[in-house]
Amino acid sequence: MANVLTPQGEDFPRWYQDVIAKAQLAENGPARGSQVIRPTGFALWERMTAEMDARIKETGTENASFPLLIPESYFTREADHVEGFAPELWMVTHGGGKELEEKLAIRPTSETVIGEYMAKWVNSYRDLPLLLNQWCNVMRYELRTRLFLRSSEFLWQEGHTVHDSYEDAHAFTLRILHEVYADFMENVLALPVLRGIKTEAERFAGALNTFAVESLMRDGKALQMGTSHELGQNFAKAFDIQFQGKDGKQAHGWTTSWGTSTRMIGGLIMGHGDDAGLRVPPNLAPVQVCVMAVKDTDEVQTAARKVFDELKGDGLRVRLDDRADVAFGRRAVDAELKGYPVRIEIGPRDLKNGEATVVSRVEGSKQTIPLGMLAEAVAAALQGAQEQLWNEALEFRESHTADAATVEEAVEAAQTGYARLPWDACGVEGERKAAESSVTVRVLQREDGSVPDSLDEPGLIAYLARSY
């Protein structure tokens, strides 16, 4: 495998690019900063969207679709928002061969356009809460681009809601953080995440508070995996989102927004990958089991097809690799690169003994299993792989988290992972000082690890790290 991928320990960024190319996940698009997501990479995104969408709908949120192009005037209604996003906007100035009377922004996020329609749809407290989500693409101008992690165009989901009180909006913001984002990332992606509140410097433009989930990559850098924003009444006032309350009086709504993106694919690669390529958790994997015919004989092909049908009938996501025109070794390397959790190899010798070889991508083990016991062996291997990936990622995070007493100590510790520092010992000045060394405060937590309601709580703990 050394000839296929650059080792992680030698050059992690190069390894990352090698995995994306060799596993056929994505390529750079024709326009600067754009990306083409290939079928293998898009299959991962489809599984992510399916799992996430189910969790989003469990909260009562419904999917909708809003325009890609947003009038420039919409952004000027919320001053902090336009100031925060102005450097990232892509603007359309011409259409139909003519200069437009008003420039149109390609959505970097949709608070403004969705706020316009929420104002039309909300009239009474009976209309609340209004819970909307959309799956779409967005564009943000980026100076330095990297596939999946920071591209000018990417895919994501963005949720937008209106509530009748601060308390309801706040509770929903945290519900998304815990029950949708953290649950998916920990139980499906097998990536432990830090849940916390962002500092004012890291807060979403126009928000009262931003809550986030952060995961530690295998090079010791943090990756923001998702955010949930408490917008207060800022956007409601800017877009006149009002409702008549139970008391008959008019009041502005309380809004939230929240999103995750194809950046999670980058997190999957860097959080679990090794020098042989991807390692995909079985709960996520588009292909959980790859059944491989070692030789092109009728007997082997028939047996491989039978095993494929039986496992598929058990509800597993299975691929049959019976290609006769590709060498078996090359096919095996391809399966390793793409991170299929379990591989079943069936050849003439296996059939003669009534057996098959079960290969675990995560454990790196091979077992010879009787054909009649494959289902049980595969189920055990999949469960073991999911648990092992979680345990390894958690152990890596814990072993790369250090306590610090000063900003200087935190900056030093953050070179290899998280630095944990009392927020009182850091503060805004310390945050600025750490940023000079490319170290940022990723989240703030309470001392017991729970998520604070606001930045005003005493005794908060800051987690600092280098980040993507």
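# Buried charges and salt bridges in a predicted model

Glu 142 counts as buried, because its relative accessibility of 14% falls under the 20% cut-off. The structure discussed here is a predicted model. Glu 142 is located in the loop that runs between strand E7 (130–139) and strand E8 (153–163). Leaving aside residues up to four places away in sequence, Glu 142 touches Arg 32, Arg 150, Ser 151 and Ser 152.

## The chain as a whole

The protein chain contains 14 helices and 23 strands. Its radius of gyration is 25 Å, close to the 23 Å that the globule rule gives for 468 residues, so the chain is as compact as a globular protein of that length. Along the principal axes, the C-alpha atoms fill a box of roughly 80 × 55 × 50 Å.

Of the 468 residues, 54% count as buried. The protein chain exposes about 20,500 Å², and carbon and sulfur atoms supply 47% of that area. Among contacts with a separation of 6 or more, 67% are between residues 24 or more positions apart.

## Salt bridges

Side chains of opposite charge can pair when their charged atoms come close. In this model the count comes to 27 salt bridges. The table lists some of them, with the closest distance from nitrogen to oxygen.

| Nitrogen partner | Oxygen partner | N to O distance |
|---|---|---|
| Arg 14 | Asp 18 | 3.2 Å |
| Arg 442 | Glu 214 | 3.1 Å |
| Arg 331 | Asp 321 | 3.3 Å |

How many residues apart are Arg 14 and Asp 18 in helix H1? They are four residues apart, about one turn of the helix, and both lie in H1 (residues 12–22). Arg 14 counts as partly exposed, because its relative accessibility is 46%. Asp 18, at 9% relative accessibility, counts as buried.

The salt bridge between Arg 442 and Glu 214 links distant parts of the chain. Arg 442 belongs to strand E22 (residues 440–445) and Glu 214 to strand E10 (residues 209–216), and the two residues are 228 residues apart. Are these partners buried or exposed? Arg 442 is buried, with a relative accessible area of 5%, and Glu 214 is buried as well, with a relative accessible area of 0%.

In the pair formed by Arg 331 and Asp 321, Arg 331 lies in helix H10 (residues 328–337) and Asp 321 in strand E16, so the salt bridge ties together parts that are 10 residues apart in sequence. Arg 331 counts as buried at 3% relative accessibility, and Asp 321 counts as buried at 7%. Elsewhere, salt bridges that share partners join Arg 47, Glu 51, Arg 55 and Asp 183 into one network.

## The strands around Asp 321

Asp 321 also has a place in the pairing of strands, since Met 292 stands opposite Asp 321 in E16. Strand E15 (residues 289–293) and strand E16 (residues 318–321) run parallel and are joined by four bridges. Which helix does the chain pass through between E15 and E16? The chain crosses through helix H9 (residues 298–313), and this β-α-β crossover is right-handed. Asp 321 thus appears in two settings: in E16 it is opposite Met 292, and its side chain meets that of Arg 331 in a salt bridge.

Note on methods
Residues are numbered from 1 along each chain as its sequence is written. This is a predicted model: local features need pLDDT of at least 70, side-chain atom pairs count only at pLDDT 80 or more; totals for chains, interfaces and linings use all residues. Side-chain values use heavy atoms; hydrogens and water are left out. Two strands pair if DSSP finds at least two bridges between them. A crossover is right-handed if, with the strands pointing away from the viewer, the path from the first strand over the helix to the second runs clockwise. The radius of gyration is taken over C-alpha atoms; the globule rule is 2.2 Å times the number of residues to the power 0.38. Buried means under 20% relative accessible area, exposed over 50%, partly exposed in between (1.4 Å probe, protein chains only). Contact means heavy atoms within 4.5 Å. Accessible areas come from the Shrake-Rupley method with a 1.4 Å probe; for residues, only the protein chains shown count as cover. A salt bridge is a side-chain nitrogen of Lys or Arg within 4 Å of a carboxyl oxygen of Asp or Glu.
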